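Thank you all for coming this morning. I would like to take you slowly through one model, so please have the sequence and the picture open in front of you.

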Amino acid sequence: MDFYHLHMSAPCQAVRLVAKALGLHLNLKEVDLATDAQFKPEFLKINPQHCIPTLVDNDFVLWESRAISTYLCEKYGKNDSLYPRDPKKRAVVNQRLFFDMGTLYGRFSTAYYPVLMEGKELNHELMGKVDEAFEFLEGYLAKTSYVAGDKLTVADLAVLPSVTTIQTITSYDFSKFPNIQRWYGELKESVAGYQEICVEGANLFRKTFMPSAN
């Protein structure tokens, strides 16, 4: 399977974590957004929406990281541990995936991308929204060991790169969130590929957009 991605992208990292957990090999193809590689005709033929990540599985093409992650689980998973088949359990996993996309990482990107990519001043009101997102995550983890229940799922593998990127870029202090601290500490040690995928990717993000901080 060809996987068009950017190493520093948290959503791309999430798919790679899922593939690693499933024992799948991805043929990694880096798409350099800085040079507008996503607009090259050969990539537009694959994905006219010109976004990453994009997966090519034989004659099937799919984009959007969370759609790719759940597809890989449904097609290649030996069981349903990462993406449960039970409708209620799956609904909670889906909700957490949407939370990661629209609330946690969504709020971080809204607050920080203008700072990192346009040199604007940080809007502290928007950063307050990121704090609120972590309060929500803390609440989830107060009730269950993992983001969407008592077992590791694709929701954890989506949220983990987001948290890593946010912490790396903002030096976020999780001391007031003991449940996030517990979960984060456990997954950093237990998730296969975390260091080379998430940590290296987040550090590359920091080096690229915050060179003075390195």
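Before we look at any residue, let me fix one word: a residue is called buried when its relative accessible area is under 20%, and exposed when that value is over 50%. Please also keep in mind that what you see is a predicted model.

With that cut-off we can turn to the cysteines, beginning with Cys 51, which has 18% relative accessibility and therefore counts as buried. Cys 12 is buried too, with a relative accessible area of 0%. How many disulfides does the structure hold? It holds 0, and Cys 12 is accordingly in no disulfide, the nearest cysteine sulfur being that of Cys 51, 9.5 Å away. Why is there no bond between Cys 51 and Cys 12? Because the two sulfurs, at 9.5 Å from each other, are too far apart for one.

Let us move on to the sheet, which is an open one of 4 strands, in the order β2-β1-β3-β4, with mixed pairing. Strands β2, residues 27–30, and β4 stand at the edges with a single partner strand each, so that one side of each has no neighbour in the sheet. On average, neighbouring strands here are turned by 20° against each other, if direction is ignored.

If we take the pairs in turn, β1, which covers residues 2–5, runs parallel to β2 over 4 bridges, and His 5 stands opposite Glu 30 in β2. Helix α1 packs on this sheet, where it touches β1 and β2, and its direction makes about 155° with that of β1.

The other pair is β3, residues 54–57, with β4, residues 60–63, and these two are antiparallel over 4 bridges; within that pairing, Val 56 has Val 61 of β4 as its bridge partner. Their hairpin has 2 residues between the strands, and Asn 58 takes a positive phi near 60° there.

Now back to α1, residues 10–22, whose axis comes within 9 Å of the axis of α3, residues 65–76, with a crossing angle of roughly 5°, and the two helices are therefore roughly parallel to each other. Among the residues making this contact are Val 15 and Leu 22 of α1, and Ile 68 and Leu 72 of α3. By class, the contact has 9 nonpolar and 2 polar residues, and no charged ones.

Last comes helix α4, residues 87–118, in which Pro 87 is found; at 64% relative accessibility, Pro 87 counts as exposed. Pro 87 and Leu 116 are 29 residues apart in sequence, and their C-alpha atoms are 40 Å apart in space.

Notes. Residues are numbered from 1 along each chain as its sequence is written. This is a predicted model: local features need pLDDT of at least 70, side-chain atom pairs count only at pLDDT 80 or more; totals for chains, interfaces and linings use all residues. Side-chain values use heavy atoms; hydrogens and water are left out. Two strands pair if DSSP finds at least two bridges between them. A disulfide is a pair of cysteine sulfur atoms within 2.5 Å. Buried means under 20% relative accessible area, exposed over 50%, partly exposed in between (1.4 Å probe, protein chains only). Axes are lines fitted to C-alpha atoms, for helices over the stretch in contact, and angles run from 0 to 180 degrees between N-to-C directions. Angles under 35 degrees count as roughly parallel, over 145 as roughly antiparallel, 65 to 115 as roughly perpendicular and the rest as oblique. Contact means heavy atoms within 4.5 Å. Ala, Val, Leu, Ile, Met, Phe, Trp, Tyr, Cys and Pro count as nonpolar, Asp, Glu, Lys and Arg as charged, and the others, Gly among them, as polar.
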